Every structure is written in C-alpha cells, then in structure tokens.
Amino acid sequence: MAFLVRLAFTWGGFLAQGPTHPHGDSDGEGYHWLAKNLLAGNGFSWSGSPPYEPTQFRQPVYPVLLGGLYALGLNPIGAGIVQNALGAVTAVLIFIAGISLLGLNRRAALAAGLLFSFEPYIAYLSGRLIAELLIMPLILVATWATVGAATSQIPTTGSYKTSA
C-alpha cells in the first residue's frame, strides 16, 4: 500500500512539473550529474560539461547507487520508482522496529508504518532524486543492529581469547 501511495504522489508531481524536470530540484539535478559523471569516468563531479571539477559537497553513497540504477538502464523517473519501493520498505522497517525495538503491540506498530506511508511530503519526495530516501532505511537498519548488539549476550570466554 505504501508503494502505491508513493507512486500516486510521484505521478502527481510529474504531472504538475512536466517531464522536462524529472530530477525534482537542484539537489536532484546535482545527484543526477554526479551519477552520470561517475558512469562516464569523469570522476565525482556535478559539472554537465568539461572541465569536470571534483566536488566534495555531497556524500558518495547515493550518487553511486543512482549510477548503478542508471547502469541498469533506468532513467531518473525509473530511479524515482525504485525509490518509491525503498520508501515502502522503510514503512515495513518502521513496523518491525516498532515491535522489536520499541516494544509496541502490532496495532501501534502498524499505525506507525501507516502514518509514514501516508505522510504526504515524504511520499511526494519519494519520486525525487534525494539522498534522504536511502538514508532513512539505512538509519533504521543501523539502529536496529546497534540496539540488537547492545542488548545481546556478549561471550566473555572461548573464541575471544588472544593470549597464547
């Protein structure tokens, strides 16, 4: 359901802006050129033409992912659809985190996932080329792993011995 909500918002945004600006905004355009230049071997530059001067203004994770999607033959609109799916996965992760990390009952965790699914601004942004859509699920997974590691039983003998 979260995927369909995001697709509807994405489609509405494309209809409102038209097909001439599929990146969404200046951030999206910068990420687009970073990905295109990485694929073309021009380095980490957001210049649309030579000279391709490197930039350190953006982190490389999202442009590398975007470049991978472009290498698979997707365009910015296709990448936006993949991001819609990532947003739907984030809603599921919120549901799971609500139960496992926060101790919520299934009903409350489902409500949290649905609230995220139907939040209009995030749903609208799901079709735009912005790094936050990748960072949200990564933060959820990292938090889940950190809390899981902190609350698990850590062995104090056996394989951790380092002395001879």
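Before I place anything in a loop or a helix, let me say that the helices I name are DSSP runs of H or I with at least four residues, numbered from the N terminus. With that in hand, proline 51 can be placed in the loop between α2 and α3, and the peptide bond that leads into proline 51 from proline 50 is cis, with omega near 0°. Please keep in mind throughout that this is a predicted model.

Let me give the overall layout. The protein chain has seven helices and zero strands, so that, read from one end to the other, the pattern is α-α-α-α-α-α-α. Of the 164 residues in the protein chain, 35% are buried. If we take the contacts with a separation of 6 or more, 65% of them join residues that are 24 or more positions apart.

I would like to spend most of the time on the aromatic residues. A pair of aromatic rings is described by the distance of the centres and the angle of the planes. Searching the whole structure gives two aromatic pairs. In the pair of tyrosine 31 and tyrosine 62, the ring centres are 4.9 Å apart and the planes stand at 80°, and because an angle over 60 degrees counts as edge-to-face, that is the class of this pair. Tyrosine 31 belongs to helix α2, residues 26–40, and tyrosine 62 to helix α3, residues 61–71, so the pair links distant parts of the chain, 31 residues apart. Are these two tyrosines buried or exposed? Tyrosine 31 has a relative accessibility of 5% and counts as buried, and tyrosine 62, with a relative accessible area of 4%, is buried as well.

The other pair is formed by tryptophan 46 and phenylalanine 57, with ring centres 5.5 Å apart and planes at 55°, and because that angle is neither under 30 nor over 60 degrees, the pair is tilted. Both tryptophan 46 and phenylalanine 57 lie in the loop between α2 and α3, so this pair ties together parts that are eleven residues apart in sequence. Tryptophan 46 is partly exposed, at a relative accessible area of 31%, whereas phenylalanine 57, at 55% relative accessibility, counts as exposed.

Let me return to tyrosine 31 and its surroundings. Setting aside residues up to four places away in sequence, tyrosine 31 touches Arg58, Tyr62, Pro63, Leu66, Leu129, Ile130 and Ala131. Tyr31 and Tyr62 both belong to the largest nonpolar core, which has twelve residues, with Leu34, Phe44, Leu69 and Leu134 also among them. The elements that give two or more residues to this core are α2 and α3, and α3 supplies the largest share, four residues. There is also a second, separate core of five residues, including Ala88, Ala91, Ile94 and Phe116.

How, then, do the helices around the main core pack? The axes of α2 and α3 are 8 Å apart, and the two helices pack at an angle of about 65°, with α2 passing α3 in a right-handed crossing. From α2, the residues making this contact include Tyr31, His32, Leu34 and Lys36, and from α3 they include Tyr62, Pro63, Leu66 and Tyr70. By class, the contact of α2 with α3 holds eleven nonpolar, two polar and one charged residues.

On to the next helix along: α3 and helix α4, residues 76–100, have axes that come within 10 Å and cross at roughly 115°, and this crossing is again right-handed. Here Tyr62, Leu66, Leu69 and Tyr70 of α3 meet Pro76, Ala79, Val82 and Gln83 of α4, and the residues divide into seven nonpolar, one polar and no charged.

Finally, two residues with partners far along the sequence. Leucine 140 is found in helix α7, residues 132–151, and is partly exposed, with a relative accessible area of 21%. Leucine 140 and leucine 93 are 47 residues apart in sequence, yet 7.0 Å apart in space, C-alpha to C-alpha. Without neighbours within four places in sequence, leucine 140 is in contact with Thr90, Leu93, Ile94 and Ala97. Tyrosine 124, in helix α6, residues 120–125, is partly exposed at a relative accessible area of 28%, and its C-alpha lies 8.5 Å from that of alanine 8, with the two positions 116 residues apart in sequence terms.

Definitions and conventions: Residues numbered from 1 in each chain as written. Predicted model: local features only at pLDDT ≥ 70, side-chain atom pairs only at ≥ 80, totals over all residues. Heavy atoms only, no water. Phe/Tyr/Trp six-rings, centres within 6.5 Å; stacked < 30°, edge-to-face > 60°. Buried < 20%, exposed > 50% of the residue type's maximum accessible area, 1.4 Å probe, protein only. Axes fitted to C-alpha atoms, helices over the stretch in contact; angles between N-to-C directions. Left-handed = near helix turned anticlockwise from the far one by under 90°. Contact = heavy atoms within 4.5 Å. Nonpolar A, V, L, I, M, F, W, Y, C, P; charged D, E, K, R; others polar. Core = buried A, V, L, I, M, F, W, Y, C linked by side-chain atoms within 4.5 Å.
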